[in-house]
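Let's take a walk through a protein model and stop at a few spots worth a closer look. Keep the structure open beside you as you read.

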Amino acid sequence: MSLPTLLPRRRLARGLAALALALSPAACGASGSPGAKGPPGAAEGRVAPVDVRDADFSASLYTIVRDGTPGAQRTGLLVGVIRRQLAHAAARFNAGQPDRGLASVLGALYLVRPGEGRAEMVDAVGERALAGAIERLSPRGDEGRVRALMELRAATLPSGSRARAEIDEHLAALDRWMKDTRTGGPLEQLGMEQRASVSRALIDSRPESIQRAAAATAAWIDRAIEFNIEFRQGGKRPERDEAVEAARALESGGASMAALFLRYGDAKGAIEQIDRTSARRVVPPGLYERVKAAASADDAASWQALASAFAHHEAQERDAETGISQDLLDGALWGTALEAYRRDPLSQDSAALLSQVMIRLGMSEATPLVVGGALGDRPSPDALGAALGLVLSALAEEASTDDFDAARRTYSAAGPLLVLADRAARGGGGVDPSGARVRSLMASLELRAGNLAAALPLLRAATAAEPTVNGLTVLAMAERQASEPQAALEDVRRALGAPDARSAPLEVIQAHLLAFELHRDAGTQDRAKESLDAALSAALDARQRARDPGAKARVERMLARILDGYGDAKGAGRAYERAFNLVTAEPPQLGATMLDAVGRALVRRDLPAARRALKRALEANVDEDDLVYGGLWVLLLERSMGVATDGTAGRALEAATNRATWTGKLAAWANGRISDADLAKLAQSAAQRVEAQFYTAMARKAAGDPGADERLRTVSKSPVVDLLEVHLAREMLTTELRPALPPNVNLP
């Protein structure tokens, strides 16, 4: 648990989900074969795949997106890049990040243009990624892409093998099932066929697949126009589903036809299809003119205008029933952004737009090279800041799923940009965001990954360039975990004198509290009391200055920690009560307050207080993850005290017990469904491994195991410095100091 600071067709979904389960890697063994049938879009002829390693991925991907000129060398590199991207997708599925895994599979397949498909693009690891994508798409009723992915999976398996036969059987069953479930009026059935064929054509790059989707779109529009004429002439009220389908075709049919071809950067194909079908009657005039300009001029300006139009359309609110589908819009945005960039790689606007799309498609690693290549040797501060902002966005995207390896690849590719930022800083030029912010974010990711050795130099470099209270306090926390207490104290001293100290009251309080803990642990009681007194003074002052309820609540929580340091349990309890009252209507803040309060109660063995805090969170419906951790702590406290549970912890854990998430596994462990050993095996990240160590150690402690404290001591020294469990383990093993409160202090 990290510290709080630091329209689908439902009638199709169930059957597709069952197919996905039957086609999971456990059900179908996969092995690549040189003689395997090529995937949809496979080209003829031999190819020499390039072995693209993770260290080469950023540069190799950049080469592929920058220039689409066909050639044997490019084809070999494209095969290697797609293999590596699918390997990243498989790793993301395996790490419990299915949405990011699916996006990464789509990113790999979006790199393929008509005529570029090769059987060698999907190896055994890639096959597992395709299986994950099928499993993710099936419940959505996306039969077009599911079928295309099934065919790609089948192509990776040896002809005549049992696994290949099973997939072929499922493909035949899917075809029969799709035919049987397509009910409704004629126009509704045409709409189903159009969406399925277009969805398939987004990832099946064969010309016949694209043409089939275009024909389905034209037939859909034709029938909608006829339906509209019949309604106007007859005046009979139509069936709602048919009317909605007609509105969808008339509203989005023309744009859908254009987007289908623009997914592959084919503006000429789009114009040809629109001009010879009734799509010409329903395509928005402005879009038609932009597509026509790109088809005729085929220059950077025309493609940039087209890409900007799709980007603008994506940002607008669309009618879910009648608008262009999000998946098709995403595909068109990718295709047009890529063409705009290839026409002019030095255009900062085109580089920025392409980078944004690549980040969403799980290909953040090339972002620094794409935006950096558009800057030149001496970029303006604004341009350099915009490029670094995109790098921050890329790192933040990987941070959201704890994909530390992808973040490291992205950060490594950003090296030249950081050199430019450092040069600008030495010359007195302000860049926003700065290189220091990029290093700080990467350092925080390394800390979450438990990699102190990598985090410390990043933090030192960032704080040397931009000394802030928060940055120096985080550095001090890291140095404490690295067994460098004197260096940590020096950095706390620097933090308290940082330029932003006056404007960062909460961070100043945190720095004083850290100094208190460092002096306390070193046995220097007088210095510890000085730091605690300073923290109290800063907290009382911040309490008077805070205006919004959230800030006030955070101050109250910190004041509670300070008063606990003095041994004033009643004063700390009052502070938590005030904090709860301030954030009653704000579940995220309420969850953080509950965790602070229950964690404090766990350390102090105050079961009534722990139960009260958890009940308040349950009544407010706070985030399920917060409830799981709070429930775990209450349950462990009950067990350690030998007290029968009152059901509060069980209520907090109940909803998550059957979930596949990490908190779901923790809840299952708490309920006895997972053993200690199994929990340790299920932990996939450094943070999860530390959490597993903490909870199993706490369970042993509750059972009277004399070796439990040593296990907790290991947790307290963990390099994952921002985990509440690390803080709790340390506090439970620390001898309380309880200095006297300063005289004449008016406590609320």
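## How covered is a residue?

Before we start, one bit of vocabulary: a residue is called buried when its relative accessible area is under 20%, exposed when that area is over 50%, and partly exposed in between. Keep in mind as well that this is a predicted model.

Let's try those words out on arginine 605. Its relative accessibility is 44%, so arginine 605 counts as partly exposed. For an exposed residue, go to alanine 72, which has a relative accessible area of 70%. Alanine 72 is part of helix 3, residues 72-94. For a buried one, pick isoleucine 210, with a relative accessible area of 7%. You'll find isoleucine 210 in helix 9, which covers residues 207-234. Leucine 653 is buried too, with a value of 0%, and its place is in helix 32, residues 648-654.

## Two arginines and a proline

Back to arginine 605, because there's something else to notice about its backbone. What is its phi angle near? It is near 60°, a positive value in a residue other than glycine. Arginine 605 sits in the loop between helix 29 (587-604) and helix 30 (607-619).

Arginine 738 also has a positive phi without being a glycine, and here the angle is near 50°. You'll find arginine 738 in the segment after helix 37 (724-733). With a relative accessibility of 44%, arginine 738 counts as partly exposed.

Now for the proline. The peptide bond that runs from aspartate 432 to proline 433 is cis, and its omega is near 0°. Proline 433 belongs to the loop between helix 20 (415-426) and helix 21 (435-448).

## A helix with a bend

Next, find helix 10, residues 240-262. Its 23 residues reach 32 Å from the first C-alpha to the last, close to the 33 Å expected at 1.5 Å a residue. Where does helix 10 bend? The bend is at serine 252, and the angle is about 55°.

How much of helix 10 is covered? Mostly, it's tucked away: 17 of its 23 residues are buried.

## A cluster of rings

Time for some aromatic side chains. How many aromatic pairs does a search of the whole structure find? There are two. One of them joins tryptophan 669 and tyrosine 695, with ring centres 6.4 Å apart and planes at 50°, so this pair is tilted. Tryptophan 669 lies in helix 33 (residues 662-670) and tyrosine 695 in helix 35 (residues 686-702), so the pair ties together parts that are 26 residues apart in sequence.

Phenylalanine 694 and tyrosine 695 form a pair as well, and this one is edge-to-face: 5.0 Å centre to centre, with 80° between the planes. Put the pairs together and you get a cluster made of Trp669, Phe694 and Tyr695. Are these rings on buried or exposed residues? Tryptophan 669 and tyrosine 695 are both buried. Phenylalanine 694 counts as buried as well, at 0% relative accessibility, and tyrosine 695 also comes in at 0%.

## An empty space inside

Rolling a probe the size of a water molecule over the atoms shows where empty space is left. In this model, the second largest cavity has a volume of about 30 Å³. Helix 2 (54-66) and helix 15 (326-343) are the elements that give two or more residues to its lining. Helix 15 provides the largest share, with three residues.

Which residues line the second largest cavity? They are Ile64, Val65, Tyr110, Leu111, Arg113, Trp334, Leu338 and Arg342. By type, the lining has six nonpolar residues, two charged ones and no polar ones.

## Along the chain and across space

To finish, let's set distance along the chain beside distance in space. Isoleucine 210 and serine 256 are 46 residues apart along the chain, and 12 Å separates their C-alpha atoms. For alanine 72 and glutamate 239, the gap along the chain is 167 residues and the C-alpha atoms are 55 Å apart. Leucine 653 and arginine 182 are 471 residues apart along the chain, with 41 Å between their C-alpha atoms.

Technical notes
Residues are numbered from 1 along each chain as its sequence is written. Side-chain values use heavy atoms; hydrogens and water are left out. Helices (H or I, at least four residues) and strands (E, at least two) are DSSP runs, numbered from the N terminus. The expected span of a helix is 1.5 Å times one less than its number of residues. The bend at a residue is the angle between axes fitted to the seven residues ending there and the seven starting there. Buried means under 20% relative accessible area, exposed over 50%, partly exposed in between (1.4 Å probe, protein chains only). On a 1 Å grid over the protein atoms alone, a cavity is a set of points where a 1.4 Å probe fits but cannot get out, and a pocket is an open set with protein on both sides within 12 Å along at least five of seven lines; lining residues have an atom within 4 Å of a point. Grid points are joined across faces, edges and corners, and a volume is the space filled by probe spheres set on the points. Ala, Val, Leu, Ile, Met, Phe, Trp, Tyr, Cys and Pro count as nonpolar, Asp, Glu, Lys and Arg as charged, and the others, Gly among them, as polar. Rings of Phe, Tyr and Trp (its six-membered ring) pair if their centres lie within 6.5 Å; planes under 30 degrees apart count as stacked, over 60 as edge-to-face and the rest as tilted.
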